[in-house]
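Dear colleague,

Here is the structure I promised to hand over. My notes on it follow below; please read them with the model open.

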Amino acid sequence: MWNVTDWQKAVFSDEFRFVLGTDDNRVRVWRRPNERRSTLIVMRGTFLGQRYVDDILRPHVGAFLNGLPEAIFQQDNARPHTARVSQDFLRHFQTLPWPARSPDLSPVEHVWDQLKRQMPSCHSVHNL
């Protein structure tokens, strides 16, 4: 059973897909874990495992986790997260296993939900 100290070591990460405008202009947005004000990483197009490693894990998550030796990284079971290339990259870090079909406990999910509710008419990446 985990206690408060264990949960304080958890680093949650997630991305969210926004539909901007009416032309099915979809973008995914990701933010560095555990930072209040950080630059949003905006990704257009298909989001597969290799792209997740190249655009998110290697430049942002890896560098962040290297500075926190006791950190436990948590992400959901989205396909890019469970791809072999992603798992290979993360083998150097402590991760929190997430069983399939389990509820998402990440507080980041709630932040994305609130943002989407507050910006229902957002039509550009700049406005995000």
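F89 is a convenient place to start: its relative accessible area is 16%, which is under the 20% limit and therefore makes F89 buried. Please keep in mind that this is a predicted model.

F93 is also buried, because its relative accessibility of 17% falls under that 20% limit. F89 and F93 form a ring pair, with centres 6.0 Å apart and planes at 40°. That angle is neither under 30 degrees nor over 60, so the pair counts as tilted.

The search of the whole structure gave four aromatic pairs. The F89 and F93 rings supply one of them, since centres 6.0 Å apart lie within the 6.5 Å limit. Elsewhere, W2, W7 and F12 make up one aromatic cluster.

As for the overall fold, the protein has five helices and five strands. Read from the N terminus, the order of elements is α-β-β-β-β-α-β-α-α-α. The chain thus opens with a helix, followed by four strands in a row, and it ends with three helices in a row.

Some totals for the protein:

- Of the 128 residues, 35% are buried.
- Taking contacts between residues at least 6 apart in sequence, 54% connect residues at least 24 apart.
- The accessible surface is about 8,500 Å², and carbon and sulfur atoms account for 50% of that surface.

Regards

Notes: Residues are numbered from 1 along each chain as its sequence is written. This is a predicted model: local features need pLDDT of at least 70, side-chain atom pairs count only at pLDDT 80 or more; totals for chains, interfaces and linings use all residues. Side-chain values use heavy atoms; hydrogens and water are left out. Helices (H or I, at least four residues) and strands (E, at least two) are DSSP runs, numbered from the N terminus. Buried means under 20% relative accessible area, exposed over 50%, partly exposed in between (1.4 Å probe, protein chains only). Contact means heavy atoms within 4.5 Å. Accessible areas come from the Shrake-Rupley method with a 1.4 Å probe; for residues, only the protein chains shown count as cover.
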